[in-house]
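Subject: Handover of a structure

Dear colleague,

Please find the structure below. A summary of what was found in it follows.

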Amino acid sequence: MPRIVVDVMPKPEILDPQGKAIVGALPRLGFTAFSAVRQGKRFELTVDGEVTEEILAQARNAAETLLSNPVIEDVVNVEVVEA
Amino acid sequence: MTELPLIGEAVAVAAHGSDIRQLTGAKIGVVTFPGTLDDRDAVRAVRLAGATPVALWHADTTLGDVDAVVIPGGFSYGDYLRAGAISRFAPLMSKIIDAANSDARLPVLGICNGFQILTESHLLPGSMIKNDHLKFMCRDQVLRVENNTTAWTGDYAAGQEITVPLKNQDGQYIADEKTLDALEAEGRVVFRYVGWNPNGSRRDIAGIANAAGNVVGLMPHPEHAVEAGFGPEDGSGTEGLGFFTSVLNKIVGDNK
């Protein structure tokens, strides 16, 4: 069953409090190579059957209206992944 | 729902005068979503102010004949996806959005999660993200009333400081600089945190209004400060009641 993957990230200009907490925790575990972390969301939309252009357009629309809030987040990727 | 047993009833009457306590005939809807917590307190606040509370369910397809709507706090849909994001698409929300934007300008108050729902609905600009310190915060909070000309703040003095409870995790109000400048210029910053900003919100904003002033949203909880002895220990403990008497006076005034 094919899936459409949607990746959503906090906008670059918005401080990501969760990412900030994670970057603070990493060095405590010895992971010292990372100077910043930003945390986003990945959605996997399963499609029964073929992913047509129309279905992909629906996914893009859903990504902009429900899956992300354009005030604080960007949809950075919408792609089809074959199972 | 009109004959609630009222905790501290006598005290509330003494503090606010029996004229406010009598039922006016105004009906104020209180919306319950799956995961809403503060609907019962909002109902009490409405009744204490002298209006008839009307329970509304998120799946309702009509608002009935309510004169105003309160969207209370809680964790609708468990805050899944984003706080307020799924509730925004509830059948009743489209009715509320239409009524708020109609010529009748239905007064709508969003408290905490209700504020988050109003921003997700685009009735109010901006959004809320996690508190800058990442912790859930519960405290009595001093607010300054910056605008007393909205449907929900007419009973306060401009610049008046009130103390009401605050309790949230995603309370950091943000918007781009252009939006913030416009909000300031148009007097749409209705409440600001005083003394200490509990979540890192831009420009200490605690609550805002739409351009017409009928839609107001804020993170702190006026409905938890309406009965003496049960609200914050600082101040009268009932400094949130003014939200509900304000809208009531507006409704009664408009119908005269």
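To begin with one pair of residues, B:I28 stands opposite B:P53 in strand 2 of chain B. Strand 1 (residues 27-32) of chain B pairs with strand 2 of chain B in the parallel sense, over six bridges. Here two strands pair if DSSP finds at least two bridges between them; helices (H or I, at least four residues) and strands (E, at least two) are DSSP runs, numbered from the N terminus.

Please note that this is a predicted model, in which local features need pLDDT of at least 70 and side-chain atom pairs count only at pLDDT 80 or more, while totals for chains, interfaces and linings use all residues. Residues are numbered from 1 along each chain as its sequence is written, and chains are lettered from A and ligands numbered from 1 in the order in which they are written.

Chain B

The strands just described belong to an open sheet of nine strands in chain B, with mixed pairing and the order 2-1-3-4-11-10-9-6-7. Strand 2 (52-57) and strand 7 (161-168) of chain B each have a single partner strand and stand at the edges, so one side of each is left without a neighbour in the sheet. On average, neighbouring strands of this sheet are turned by 25 degrees against each other, direction ignored. Helix 3 (residues 39-49) of chain B packs on the sheet and touches strand 1, strand 2 and strand 3 (68-71) of chain B. The direction of helix 3 makes about 175 degrees with that of strand 1 of chain B. For such angles, axes are lines fitted to C-alpha atoms, for helices over the stretch in contact, and angles run from 0 to 180 degrees between N-to-C directions; two residues are in contact if their C-beta atoms, placed from the backbone, lie within 7 Å.

In total, chain B has seven helices and eleven strands. Its C-alpha atoms fill a box of roughly 45 × 40 × 35 Å, taken along the principal axes.

Chain A

In chain A, three strands form an open sheet in the order 2-1-3, with antiparallel pairing. Strand 1 (residues 3-10) of chain A is joined to strand 2 of chain A by six bridges. Among the paired residues, A:V8 has A:K41 in strand 2 of chain A as its bridge partner.

Between the chains

Eleven residues of chain B are in contact with eight residues of chain A.

Yours sincerely
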